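Colleague: Before I rely on the terms used for this model, I should like each one justified. Please take them in turn.

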Amino acid sequence: LLRYSGGVERQVAALQRLRIQQAIDHTRRLTASALPPGVTFEVVAGLGVQWATLDTAAFESMVGRMRDGSSVRRYLDARVVTGTQQRMADVLTDGIVRNPRETARLLRGTFTGGAVQAVRVARTETLRVYRDVQRESYQRNSNVVRGYRRQASLDDRTCFACWVLDGTLYANEGDMEEHVSGRCFTVPETVTWAELGIRGMDEVEPQESGRARFERLPDAQQRRIIGNDRQYEAWKSGTIGLADMVARHTH
């Protein structure tokens with residue numbers, strides 16, 4: 001288990017470093033895609049608006065001090081390692097005369113969800129770093145990006161809260177609330193062309209929000225995504241609104 005946690009910690013650190021560069025590149029591409037056809041960063045630079053580049057080395061240093069595998073290691077130390085060694089040893093010893101699949105099933109019971117949860121936390125932490133770098137890039141370029149919108153993968157695997165919060169506009173300084181294994185990402189909200197001094201350009205309209213799309217779904221799909229018949233019936237009767245079913249908890 002200790003070797004496992006060390007291996008996961010190294011993988012998390014490597015993935016976080018990769019996510020930093022990916023986020024920097026992706027942020028610039030997303031912002032560029034919001035520009036009208038024919039308008040590039042070079043054209044905008046001619047107006048005196050420059051794109052500031054994030055100090056990758058400084059951000060990697062911050063991640064290394066605060067994030068590299070720390071959540072995974074704390075989870076394993078607190079919930080997996082302590083009190084499981086003897087049980088795990090017994091399972092492995094008896095496994096000599098047992099089908100390997102049966103041993104694996106028993107080991108999962110020994111982990112009590114720890115291995116699965118550790119991987120889940122590792123994935124969540126790498127995505128968190130990705131979003132943090134994007135937000136830092138938006139902050140450095142507030143002359144171009146006024147904020148960012150939450151965008152979710154709107155399908156039946158997406159939780160109801162993320163459906164409702166899809167399209168929410170956040171300030172560059174604000175952190176987007178997210179849950180473990182969340183799949184939401186950020187899309188830059190650029191300043192208007194009029195604010196940049198460019199006249200005669202069509203302004204980019206925000207995409208339809210997840211909430212608006214949810215209200216047009218078939219009843220059966222709405223019920224399935226909400227996942228609670230009582231809440232669904234209360235919403236349909238007008239007793240509560242969609243936002244009333246979104247709960248926020250800080251952990």
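Colleague: Which residue takes a positive phi just after H10?

Modeller: That residue is Gly227, with a phi of about 75 degrees. The model is predicted: local features need pLDDT of at least 70 and side-chain atom pairs count only at pLDDT 80 or more, whereas totals for chains, interfaces and linings use all residues. Residues are numbered from 1 along each chain as its sequence is written, and side-chain values use heavy atoms, leaving out hydrogens and water.

Colleague: Why are Gln221, Gln222, Ile225 and Ile226 called the buried residues of H10?

Modeller: Buried means under 20% relative accessible area, exposed over 50%, and partly exposed in between (1.4 Å probe, protein chains only). These four residues of H10 are buried, so each falls under 20%.

Colleague: What puts them on the same side of H10?

Modeller: They lie on one side because they cover an arc of only 130 degrees around the axis, taken from the directions from the helix axis to the C-beta atoms. The face turned away from that side carries the exposed residues Ala220 and Arg224. The buried residues are covered by elements including H8, helix H9 (210-215) and H11.

Colleague: What makes the largest nonpolar core a core?

Modeller: The term denotes a set of buried Ala, Val, Leu, Ile, Met, Phe, Trp, Tyr and Cys residues joined through side-chain atoms within 4.5 Å. This core has 34 residues, of which Phe160, Phe214, Ile226, Trp235 and Leu242 touch the most other members. Among the elements that each supply at least two of its residues are helix H8 (160-165) and helix H10 (219-226), and H8 gives the most, five. Helices here are DSSP runs (H or I, at least four residues), as strands are (E, at least two), numbered from the N terminus.

Colleague: Which residues is Leu242 in contact with, leaving aside its neighbours within four places in sequence?

Modeller: With contact meaning heavy atoms within 4.5 Å, the partners of Leu242 are Phe160, Val164, Arg211, Phe214, Glu215 and Trp235.

Colleague: Why is the largest cavity not called a pocket?

Modeller: On a 1 Å grid over the protein atoms alone, a cavity is a set of points where a 1.4 Å probe fits but cannot get out, while a pocket is an open set with protein on both sides within 12 Å along at least five of seven lines. The largest cavity is lined by Arg131, Asp132, Arg135, Tyr138, Tyr148, Asp175, Met176 and Thr186, lining residues having an atom within 4 Å of a point. Helix H7 (residues 114-140) gives four of them, the most.
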